[in-house]
Amino acid sequence: MPTPPSQAPQASSPPPPKKRAGRDLRAAIGVGVGLGAVIFASLFIVKAVFVGVIAVAVVVGLWELTSRLQERKGIKAPLVPLALGGAAMVIAGYVRGAEGAWVAMALTALAVLVWRMTEPPEDYLKDVTAGVFAAFYVPFLATFVAMMLTADDGPQRVVTFLVLTVVSDTGAYAVGWRFGKHKLAPRISPGKTREGLFGAVAFAMAAGALCMQFLIDGGSWWQGLILGLAVAVSATLGDLGESMIKRDLGIKDMGTLLPGHGGIMDRLDSLLPTAPVVWLLLAAFVGTG
């Protein structure tokens, strides 16, 4: 005899789906460890080698950015003068400081304008505007990392910069994944939350206090609190900025070079705008020597 509908056993509702990171975690960790080993080895063995690492990252980042601009928007920012000028910009910043970086930036912009003249005039303004933007966004901002390296405690300054940025991103992810409910900028990056921003600030301030106290010559823990707060803000804005670019281009990642991470530009998004902030605050707190 069939069971009446009112007495039929109710199927249990499926459990809510678990949150997922959306990337290959093992590959991401492996690539992160490998990059960290290269960075730290070059930093503490020969400073000039690390300048080379920055220059290579800049050239690859420019290639990714200009490739995506051409593929998605038909914008032909000239890569050759950008790559040569970008590498020269990083070296000039290391050798001649801020003055050298500005001169190299101006010459790179001029080279972009002239190089594009070899092609038809259609879209000239659009292409050179994108080129000058790319020169500022990638190599010029990266030059501040090379400028940090020139100080007597340069490697420690660069480590502080990298640690604070990574800790800020990690704090934002961990707290946002666990407690995030209120969107920070849903139209730009739906995954970011206000709770995640608070996590970034707390983690970065704590790491900043430790780094300034124990790594930076003449540094103090209270300076680290200010530095950590500034890094959390700049890293978040940098992440949102590249998210805006990628949304405009209609892509998820800038490249596929780094398994589990995307492209080089997907790792530089929070580092690039943070570099001048860290350089400026360290110069104000303990000088540039």
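From the N terminus on, the elements of the protein chain follow the order α-α-α-α-α-β-β-α-α-α-α, giving nine helices and two strands (DSSP runs numbered from the N terminus, with helices as H or I of at least four residues and strands as E of at least two). The model is a predicted one, in which local features need pLDDT of at least 70 and side-chain atom pairs count only at pLDDT 80 or more, while totals for chains, interfaces and linings use all residues. Residues are numbered from 1 along each chain as its sequence is written, and side-chain values use heavy atoms, with hydrogens and water left out.

Helix H3 (residues 79–116) invites a look at its geometry. Its 38 residues place the end C-alpha atoms only 10 Å apart, whereas a straight helix at 1.5 Å a residue would reach 56 Å (the expected span being 1.5 Å times one less than the number of residues). At Arg96, H3 bends by about 150°, where the bend is the angle between axes fitted to the seven residues ending there and the seven starting there.

Of the 289 residues in the protein chain, 46% are buried (under 20% relative accessible area, with exposed over 50% and partly exposed in between; 1.4 Å probe, protein chains only). Among contacts (heavy atoms within 4.5 Å) with a separation of 6 or more, 71% join residues 24 or more positions apart.

The largest nonpolar core (buried Ala, Val, Leu, Ile, Met, Phe, Trp, Tyr and Cys residues joined through side-chain atoms within 4.5 Å) has 58 residues, and those with the most contacts inside it are Ile54, Tyr137, Val158, Phe161 and Leu227. At least two residues of this core come from each of several helices, including H2 (47–73), H3, H5 (154–179) and H7 (221–249); H4 gives the most, with 15 residues. Not counting residues up to four places away in sequence, Ile54 touches Val90, Ala142, Val145 and Ala146.

Two loop aspartates round out the picture. Asp153, found between H4 and H5, is buried with a relative accessible area of 3%. Its side chain reaches the backbone nitrogen of Asp217 at 3.2 Å. Leaving aside neighbours within four places in sequence, Asp153 is in contact with Ile216, Asp217 and Gly289. Asp123, in the loop between H3 and H4, is instead partly exposed, with a relative accessible area of 44%. The phi of Asp123 is near 65°, a positive value in a residue other than glycine.

Note on methods
Polar contact = N/O pair within 3.5 Å; in protein donor to acceptor, adjacent residues only side chain to side chain.
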